[in-house]
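Me: I'm new to reading protein models and keep tripping over the vocabulary. Could you take me through this one and explain why things get the labels they do?

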Amino acid sequence: MRYITVENLSFQYDKEPVLEDVSYHLDSGEFVTLTGENGAAKTTLIKATLAILKPKAGQVTISKTGLSGKRLRMSYLPQQVSSFNAGFPSTVFEFVQSGRYPRQGWFRKLTSHDEEHIKVSLESVGMWEHRHERLGSLSGGQKQRAVIARMFTSDPDIFILDEPTTGMDISSKDDFYTLMHHSAKRHGKSVLMITHDADEVKSFADRNIHLVRDQNSPWRCFNVHDKDDLEGNHVGTL
């Protein structure tokens with residue numbers, strides 16, 4: 001099922017073009033990575049897709065429903081979202097639990113199914129044993145995993161992730177990529193992930209959108225490639 005379609009998207013900061021004539025898509029059941037050199041406007045592309053930034057031109061179409069036929073749910077994890085200080089009052093469990101409330105309504109009591117979903121989310125990122133610890137006391141990698149667990153409790157159809165493995169060790173990264181691959185293939189979720197670790201994740205991802213600098217233009221223009229086109233066939237221009 002086609003969840004997101006981006007057609008001929010262009011974006012500029014003030015009068016400086018950053019993205020130009022970009023087209024890509026995202027389907028249910030696939031794990032897609034978004035890569036490119038520093039300054040390749042990867043985060044800008046995501047934000048323009050989600051209407052956090054307003055494109056100069058182009059069209060973004062997002063499905064209204066998921067595979068279940070219910071309203072489509074998206075979860076966006078921006079960069080460095082786990083920067084909680086030592087005084088942050090919530091425990092890991094309380095923080096992750098709060099991700100479940102918007103789904104059920106803030107004033108509804110959580111059910112045993114909700115509690116089980118929270119437990120599974122924490123276990124899936126290796127944070128169940130830390131559930132009673134204060135979030136602010138954790139390491140950077142542990143905070144990041146707690147944020148990811150909270151994201152899972154909302155049970156979205158689409159995960160949009162901006163460098164989610166920052167601060168994680170190699171083992172935790174591998175576990176995370178396995179988890180996202182499982183979510184896509186077994187549960188029909190859609191995953192779009194910005195990463196600098198293309199080699200680490202390539203065996204888990206279905207395809208890659210790669211942003212590269214166009215040396216023939218005075219502007220910061222880039223090209224988009226699918227995984228099979230990384231040898232240089234241009235799919236679209238940024």
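Reply: Sure, let's start at the end of a helix: Gly188 follows H6 and has a positive phi, near 70°. This is a predicted model, where local features need pLDDT of at least 70, side-chain atom pairs count only at pLDDT 80 or more, and totals for chains, interfaces and linings use all residues. Residues are numbered from 1 along each chain as its sequence is written, and side-chain values use heavy atoms, with hydrogens and water left out.

Me: What is the mean pLDDT of the protein?

Reply: The mean is 84, and 83% of the residues reach 70 or more; pLDDT is the predictor's confidence in each residue, from 0 to 100. Residues 218–222 fall below 50, though that stretch has 23 contacts beyond near neighbours in sequence (contact means heavy atoms within 4.5 Å).

Me: What makes residues 170–187 a helix, and how does the span of H6 fit what's expected?

Reply: Helices are DSSP runs of H or I with at least four residues, strands are runs of E with at least two, and both are numbered from the N terminus. H6 has 18 residues. The expected span is 1.5 Å times one less than the number of residues, which for H6 gives 26 Å, and the helix reaches 25 Å from its first C-alpha to its last, close to that.

Me: How do you know which side of H6 is buried?

Reply: Buried means under 20% relative accessible area, exposed means over 50%, and partly exposed is in between (1.4 Å probe, protein chains only). The buried residues of H6 include Phe176, Tyr177, Leu179 and Met180. The buried set covers an arc of only 155° around the axis, so these residues sit on the same side of H6; the arc is that of the directions from the helix axis to the C-beta atoms. Facing away from the buried side are the exposed residues Ile170 and Arg186.

Me: What do the buried residues of H6 pack against?

Reply: Their partners include strand S3 (31–36), helix H4 (112–124) and helix H5 (140–153).

Me: Why is Asp14 called exposed?

Reply: Asp14 has 74% relative accessibility, so it counts as exposed. You'll find Asp14 in the loop between strand S1 (2–13) and strand S2 (16–27). Its phi is positive too, near 55°, in a residue other than glycine.

Me: And why is Ala51 called exposed?

Reply: Its relative accessible area is 63%, so Ala51 is exposed as well. Ala51 lies in the loop between H1 and strand S4 (57–62), with a positive phi near 65°.
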